[in-house]
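Here are my notes for you, written as numbered points. Keep the picture open while you read and look up each spot as we get there.

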Amino acid sequence: MAFQDYKPWLGIRGSRWIGLDNFERIFQYKEATQAIVNTLIIAVSKIIVGIIVPIIMAILLSEIRNIGIKKSVQTLVYLPHFLSWVTVAGLMIDILGLDGGINQILTRLFGIDPIYFLGDPDLFRFTVVVSDVWKSFGFGMIVYLATIAGINPSYYEAAEIDGATRRQQIRYVTLPSMLPMIIVISTLSLGNILDAGFDQVFNLYNPLVYSTGDIIDTYVYRSSLLNGQYGFGTAVGLFKSGISLILIVVSYRLAYKYANYKIF
C-alpha cells in the first residue's frame with residue numbers, strides 16, 4: 001500500500017503502483033515534516049526527563065528509613081501507571097480546562113487570567129511531557145530501586161568511616177553503582193525516539209495545537225483513516241518503522257558495548 005495510490009474499492013491488486021511517490025510527499029508536505037519535528041521534540045524530551053526523574057525519586061525514596069512511609073509513597077507513585085490514557089486525559093481536561101482547578105487557583109490567588117494549557121501551542125508540548133512523566137516515573141523507578149537495593153552495604157560503611165556525608169555517599173557510591181543500569185536504560189530508549197505516545201497525544205490534542213502537538217502517529221491516523229490517503233499514511237508509518245528498527249539495532253549495540261548488556 002505504501003507504494004500504491006491505494007483505493008479501498010480496488011484493493012491491493014487493482015490499485016495503481018506509483019513507486020516512491022508517497023515517500024517523496026513526506027518531505028514535500030509541511031504538515032508531515034512538522035509532525036516529524038514534533039515527534040522528535042516530544043519523544044526526546046520524554047526520554048531525557050523520563051530518565052532523570054526516576055533516578056532522583058529512586059535515590060530520595062531509598063533514603064527514607066520509615067518502611068510504612070516508604071511503601072505508601074511507592075504505592076502512590078505506582079498507581080498512575082495502571083490508569084489508561086483515556087482516564088488520565090479526561091482528568092487532565094477537567095483540571096487544566098479554562099474552568100478547571102488549576103486555573104481557579106491561579107485566578108483566585110494570583111489574579112492571573114485563565115490559561116488554556118491544552119489549547120496553547122506553546123504550552124502543549126510541556127503539558128504532554130509533564131503528564132507523561134507523572135504517569136510513568138513511578139513504574140520506571142522500580143529498576144533503579146532494585147539497583148540501589150543490590151549495592152553492597154560495605155561500600156556505604158567504608159564511606160561513612162571515611163567521614164562521608166549522606167550526600168557524598170549518594171555522589172560517590174550510589175550514582176556510580178547505578179551508572180551501568182542508567183547507560184542500559186538510556187541506550188535502549190533510543191529505539192523509542194520516534195514514539196511520542198499516540199494514546200496520550202490523541203486523547204489530549206485538538207486542531208488548535210496541531211502546529212506543535214501533531215506527531216507522526218496522529219498524522220498517519222488523520223491522513224489515512226480520516227482523509228482517505230491510505231497509501232500516503234502507510235508510507236509515513238513504514239518510514240517511521242524503518243527508522244525505529246535502525247535505532248533499536250543501534251541502541252542494543254551501544255548497550256552491549258558500554259554496559260555489556262545483551263539479550264542473546
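What follows is a walk through some side chains and helices worth finding in this predicted model.

1. Let's begin with the salt bridges. How many does a search of the whole structure find? The search turns up six. One of them joins the side chains of arginine 16 and aspartate 5, at 3.6 Å from N to O. Arginine 16 belongs to strand S2 and aspartate 5 to strand S1 (residues 4–5), so this pair ties together parts that are 11 residues apart in sequence. Have a look at Lys7 as well: Asp5, Lys7 and Arg16 are linked in a network of salt bridges.

2. Now check how open that pair is. Arginine 16 has a relative accessible area of 54%, and because the cut-off for exposed is over 50%, arginine 16 counts as exposed. Aspartate 5 comes out at 28%, so the label here is partly exposed.

3. Another salt bridge joins the side chains of arginine 166 and glutamate 63, with 2.8 Å from N to O. This one links distant parts of the chain, 103 residues apart. Arginine 166 is in helix H9 (residues 166–188), while glutamate 63 is in the loop between helix H3 (30–62) and helix H4 (67–78). Both ends are partly exposed: arginine 166 has a relative accessible area of 36%, and glutamate 63 has 25%.

4. Next, please find arginine 222, which turns up in several places. Its side chain meets that of aspartate 214 in a salt bridge of 2.8 Å, N to O. Are these two residues buried or exposed? Arginine 222 is buried, and aspartate 214 is too. The charged end of arginine 222 also sits over the ring of tyrosine 210, 4.1 Å from the ring's centre. You can find a similar arrangement elsewhere: the charged end of lysine 135 sits over the ring of tryptophan 85, 5.2 Å from its centre.

5. Arginine 222 is also one of the buried residues of helix H12. Why can we call H12 largely enclosed by the rest of the structure? The helix runs over residues 216–226, and eight of its 11 residues are buried, so the description fits. The buried set is Ile216, Asp217, Thr218, Tyr219, Val220, Arg222, Ser223 and Ser224. Just after H12 comes glycine 228, with a positive phi of about 80°.

6. Two of those H12 residues, Ile216 and Asp217, are touched by lysine 240. That lysine lies in helix H13 (residues 230–259), and its other contacts are Leu194 and Asp195, leaving out residues up to four places away in sequence. Would you have guessed where lysine 240 falls, buried or exposed? With a relative accessible area of 12%, lysine 240 is buried, because the limit for that label is under 20%.

7. Now for the rings. Across the whole structure, a search finds 11 aromatic pairs. Among them is the stacked pair of phenylalanine 198 and phenylalanine 202, with 5.1 Å from centre to centre and 20° between the planes. Both sit in helix H10 (residues 198–204), four residues apart, which is about one turn of the helix. Each is partly exposed: phenylalanine 198 has a relative accessible area of 27%, and phenylalanine 202 has 32%. The two also belong to one aromatic cluster, together with Tyr205, Tyr210 and Tyr221. You've met Tyr210 already, as the ring under the charged end of arginine 222.

8. Finally, go to the surface. Which residues form a nonpolar patch there? They are Met1, Phe3, Ile12, Trp17, Leu20 and Leu238, and together they have about 600 Å² of accessible area. Leucine 20 is in the loop between strand S2 (16–17) and helix H2 (21–26), and a relative accessible area of 52% makes this leucine exposed. For another exposed nonpolar side chain, try phenylalanine 82, at 60%. Phenylalanine 82 is in the loop between H4 and helix H5 (85–96). From C-alpha to C-alpha, phenylalanine 82 and isoleucine 193 are 23 Å apart in space, and they are 111 residues apart in sequence.

Methods. Residues are numbered from 1 along each chain as its sequence is written. This is a predicted model: local features need pLDDT of at least 70, side-chain atom pairs count only at pLDDT 80 or more; totals for chains, interfaces and linings use all residues. Side-chain values use heavy atoms; hydrogens and water are left out. Patches are made of residues with over 30% relative accessible area and no salt bridge: like charges are joined within 9 Å, nonpolar side chains (Val, Leu, Ile, Met, Phe, Trp, Tyr) within 5 Å. Accessible areas come from the Shrake-Rupley method with a 1.4 Å probe; for residues, only the protein chains shown count as cover. A salt bridge is a side-chain nitrogen of Lys or Arg within 4 Å of a carboxyl oxygen of Asp or Glu. Helices (H or I, at least four residues) and strands (E, at least two) are DSSP runs, numbered from the N terminus. Buried means under 20% relative accessible area, exposed over 50%, partly exposed in between (1.4 Å probe, protein chains only). Contact means heavy atoms within 4.5 Å. Rings of Phe, Tyr and Trp (its six-membered ring) pair if their centres lie within 6.5 Å; planes under 30 degrees apart count as stacked, over 60 as edge-to-face and the rest as tilted. A charge sits over a ring if NZ of Lys or CZ of Arg is within 6 Å of the ring centre and within 35 degrees of the ring normal.
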